[in-house]
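Biologist: I am new to this one. Could you take me through it, starting with how far to trust it?

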Amino acid sequence: MYCSACGSPITAGLKFCNRCGVSLNKDADEAKGSSVAGGLLTAVVMVALFGLGIMFSGAIALRKGGDMNMDVVALFMFFCFATIAITEVFLLRQLSRVLAAPNRKELLEHAPPLFQPAQTSARELHPAPLRDLEPIPSVTEGTTRTLAHSLREIPR
């Protein structure tokens, strides 16, 4: 069995190619993407229906039950509608990303590989120049000098 993206031989049962990392289980990826898209589409519809229901029932409750004037009710409806609209925009944006993912995968499959071999021959390469490094003093050197004085003293 060979990888469809890079053509390298692969072992049966692998989920990803060892060489290029492409997913070898295309059916599961497509099924997962369609279930996510269905869930997001359901969320868009439910947020719209429940949000508008809460907005209108809240406006009626504020007007009749709370004896609020129309300015307060209109302000409440504006903020509810703004919240619903922002939520819908984010959900639709995420839905468009999920739906565009298969097209993006096709573009990535036909893209040139990320790693390109060097165009320079081995004869043109030069070794890195060596630097003269100063020797690093020992960690215990300072400790030994400090304790040498205490060893020379005569105990009383």
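**Confidence first**

Modeller: This is a predicted model. The chain averages a pLDDT of 76, and 64% of the residues score at least 70.

Biologist: Which helix has the highest confidence, and which the lowest?

Modeller: Compare the mean scores. Helix α3, residues 139-152, has the lowest confidence in the chain, with a mean of 59. The highest, at 83, belongs to residues 70-109, which form helix α2. So by pLDDT, the predictor's confidence in each residue, the highest is α2 and the lowest is α3.

Biologist: Which helices each supply at least two residues of the largest nonpolar core?

Modeller: Start with the members. The core has six residues: Ala37, Leu40, Val44, Leu91, Leu95 and Val98. At least two of them come from each of α1 and α2.

Biologist: What does Leu95 touch, leaving aside residues up to four places away in sequence?

Modeller: Leu95 is one of the core residues. With those sequence neighbours left out, Leu95 touches Ala37, Leu40 and Leu41.

Biologist: Is Phe50 buried or exposed?

Modeller: Phe50 sits in helix α1, residues 26-65. Together with Met46 and Ile54, Phe50 makes a nonpolar surface patch of about 320 Å². Its relative accessible area is 52%. Exposed means over 50%, so Phe50 is exposed.

Biologist: Which residue has a positive phi although it is not a glycine, and where is its place?

Modeller: Look at the loop between α1 and α2. A residue there has a relative accessible area of 65%, so it counts as exposed. Its phi is about 50 degrees. The residue in that loop is Asp67.

Conventions:
Residues are numbered from 1 along each chain as its sequence is written. This is a predicted model: local features need pLDDT of at least 70, side-chain atom pairs count only at pLDDT 80 or more; totals for chains, interfaces and linings use all residues. Side-chain values use heavy atoms; hydrogens and water are left out. Patches are made of residues with over 30% relative accessible area and no salt bridge: like charges are joined within 9 Å, nonpolar side chains (Val, Leu, Ile, Met, Phe, Trp, Tyr) within 5 Å. Accessible areas come from the Shrake-Rupley method with a 1.4 Å probe; for residues, only the protein chains shown count as cover. A salt bridge is a side-chain nitrogen of Lys or Arg within 4 Å of a carboxyl oxygen of Asp or Glu. Helices (H or I, at least four residues) and strands (E, at least two) are DSSP runs, numbered from the N terminus. Buried means under 20% relative accessible area, exposed over 50%, partly exposed in between (1.4 Å probe, protein chains only). pLDDT is the predictor's confidence in each residue, from 0 to 100. A nonpolar core is a set of buried Ala, Val, Leu, Ile, Met, Phe, Trp, Tyr and Cys residues joined through side-chain atoms within 4.5 Å. Contact means heavy atoms within 4.5 Å.
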